[in-house]
There are 2 protein chains.
Amino acid sequence: MTSDAPARRMTRDERREQILDAATAVFARGGYAGTSTDQVARAAQVSQPYVVRLFGTKEELFREVFDRVASEIVARFEAVPPGPGAKSAMGEAYTRLIADPDQLRVLMHGFVLGSDPVLGTRAREVLARAFDLYRTRAGASDEEARDFVARGMLLNTLFAVQAPAHADDDPVLAVLVRCTVDPSDGPGRAAAGEAR
Amino acid sequence: MTSDAPARRMTRDERREQILDAATAVFARGGYAGTSTDQVARAAQVSQPYVVRLFGTKEELFREVFDRVASEIVARFEAVPPGPGAKSAMGEAYTRLIADPDQLRVLMHGFVLGSDPVLGTRAREVLARAFDLYRTRAGASDEEARDFVARGMLLNTLFAVQAPAHADDDPVLAVLVRCTVDPSDGPGRAAAGEAR
DNA sequence: GACGCTAGTTATCGACTGATAACCTGTCAA
DNA sequence: TTGACAGGTTATCAGTCGATAACTAGCGTC
């Protein structure tokens, strides 16, 4: 009945999307070098050679995965309308990524491969864009925008090392996690007016 | 004379240190999965099997490399005496790591492997310790300390994607790099007395 | 109802990698 | 000298990986 898949046939583009989804999850753990095209294939329920053929190269596949993640994150920031509420809205936009940690991890794996010309360029674009958007949309200073992006990187790192899951082990870590994930300052104080 | 190495014999511990140095450089680019024990061996001018024998396992080797880097970074923070100058001193301590970007990159590669129980634990310790030291040594608030650690992660990322080298390509990126590498707020004012 | 296109597979390969085993060699002590 | 231990090498392997080639099968259409 519904048990075994009838091996439906998909269009090339449908398959690409499906494989990209699977690849995002698999690359998230493992990273680029630590993940085989076969793992991706199995996750997508496709044969390994087909994965290679559709994307040409493992490297190309990773680039597409990274690009997809990067684009979506940037798009979220761009969706925030300028104005007084922009600061908290952008903070929330990034925090919402926690719901899908795979994206954060892929992002980090891409950053770490910054030596690659293509990936590096794309990575720099993402960082610069996020920085700039926070400045313009939220009317923030360079330093505020830097701290915003920095907090994002810290969030990535904390999730990569599974800090939230181990917060109970170390009270200090717990504090760091809490005040990063749920920024008590930033939006609150800053939006209210940080004339000091 | 001094031309070709006479293939001096070293003690086991000397060799270990030498290999760890070489491994730090090689792992910095490439990361764990993307680096072969043979690359490490060549960098250290030793045969590949010897590297494996000395450390038991590639994984174990990477752990030692990471541990070494982590320890040194923590040690730098711990060396800062408490007091009013502590904030800028700790900022400078981390910024000085820029002189040896290999350490930053190894650190990041370790973070990204946070799923590994051993590495993950060590990584969380480093982050929590840096956070705590900044609070206690500099008498900073949780939020300030978080921003300090976050800035460190951003610094790592910017170097990983070679942002400083490409600052000329994008003026926005240039601003981000400048105000991260040379923090004009926080420490800057106090220490260097940068009345621009 | 066969043709042709596109989705997808199985078979296979050459390169590489981490690890093991067996062997060699410098150096110091008796 | 010789012995013996620590430092270090060459030879080798089983497994894995990315990629290519050749083949198969669904599906619309004339």
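This is a stop-by-stop tour of a predicted model with protein chains and DNA strands.

Local features need pLDDT of at least 70 and side-chain atom pairs count only at pLDDT 80 or more, while totals for chains, interfaces and linings use all residues. Residues are numbered from 1 along each chain as its sequence is written, chains are lettered from A and ligands numbered from 1 in the order in which they are written, and side-chain values use heavy atoms, with hydrogens and water left out.

**Stop 1: chain A as a whole**

Select chain A and show it as a cartoon. Chain A has ten helices and zero strands. Helices (H or I, at least four residues) and strands (E, at least two) are DSSP runs, numbered from the N terminus. The C-alpha atoms of chain A fill a box of roughly 65 × 40 × 40 Å along the principal axes.

Now colour by burial. Buried means under 20% relative accessible area, exposed over 50%, and partly exposed in between (1.4 Å probe, protein chains only). Of the 196 residues in chain A, 50% count as buried. The chain exposes about 9300 Å², and carbon and sulfur atoms supply 52% of that area. These areas come from the Shrake-Rupley method with a 1.4 Å probe; for residues, only the protein chains shown count as cover.

Contacts come next, meaning heavy atoms within 4.5 Å. Among contacts in chain A between residues at least 6 apart in sequence, 64% join residues at least 24 apart.

**Stop 2: DNA strand C**

Select strand C and the residues near it (a heavy atom within 4 Å). There are 20 residues around strand C, and A:Arg9, A:Arg15, A:Ser47, B:Arg9 and B:Thr37 come nearest. Six of the residues on this surface are nonpolar, seven polar and seven charged. Here Ala, Val, Leu, Ile, Met, Phe, Trp, Tyr, Cys and Pro count as nonpolar, Asp, Glu, Lys and Arg as charged, and the others, Gly among them, as polar.

Turn to the strand atoms. Of those within 4 Å of the protein, 52% belong to sugar or phosphate and the rest to bases.

Zoom in on individual atom pairs. In the side chain of A:Ser47, an N or O atom is 2.8 Å from a phosphate oxygen of strand C. B:Arg9 places a polar side-chain atom 2.7 Å from a base nitrogen of strand C. For B:Gln48, a polar side-chain atom lies 3.0 Å from a base nitrogen of strand C. The elements giving two or more residues to this surface are helix 1 (12-28) and helix 3 (48-55) of chain A, together with helix 3 (48-55) of chain B. Helix 3 of chain B supplies the largest share, four residues.

**Stop 3: DNA strand D**

Switch to strand D. Of the 20 residues around it, A:Arg9, A:Thr37, A:Lys58, B:Arg9 and B:Arg12 come nearest. Of the strand D atoms within 4 Å of the protein, 55% belong to sugar or phosphate and the rest to bases.

Pick three residues. A polar backbone atom of A:Thr37 is 2.7 Å from a phosphate oxygen of strand D. A polar side-chain atom of A:Arg53 lies 3.4 Å from a base nitrogen of strand D. B:Met10 has a backbone N or O atom 3.1 Å from a phosphate oxygen of strand D. Helix 3 of chain A gives the largest share of the surface near strand D, four residues.

**Stop 4: A:Thr37**

Stay on A:Thr37. This residue lies in helix 2 of chain A. Is A:Thr37 buried or exposed? A:Thr37 is buried, with a relative accessible area of 14%. Its side chain makes a polar contact with the side chain of A:Gln48 (3.2 Å). A polar contact is a pair of N or O atoms within 3.5 Å; within protein, one must be able to donate a hydrogen and the other to accept it, and residues adjacent in sequence count only if both atoms are side-chain atoms. Leaving aside neighbours within four places in sequence, A:Thr37 is in contact with A:Gln48, A:Val51, A:Val52 and A:Lys58.

**Stop 5: salt bridges**

A salt bridge is a side-chain nitrogen of Lys or Arg within 4 Å of a carboxyl oxygen of Asp or Glu. By this rule there are 36 over all chains.

Select A:Asp38 and A:Arg42. Their side chains meet in a salt bridge (2.4 Å, N to O). Both lie in helix 2 (residues 37-44) of chain A, four residues apart, about one turn of the helix. A:Asp38 is partly exposed at 31%, and A:Arg42 is exposed at 57%.

Move to A:Arg122 and A:Asp67. Their closest N and O atoms are 3.1 Å apart in a salt bridge. A:Arg122 lies in helix 7 (residues 117-138) and A:Asp67 in helix 4 (residues 58-78) of chain A, so the pair ties together parts 55 residues apart in sequence.

End on A:Glu59, A:Glu60, A:Arg63 and A:Asp116, which are linked in a network of salt bridges.
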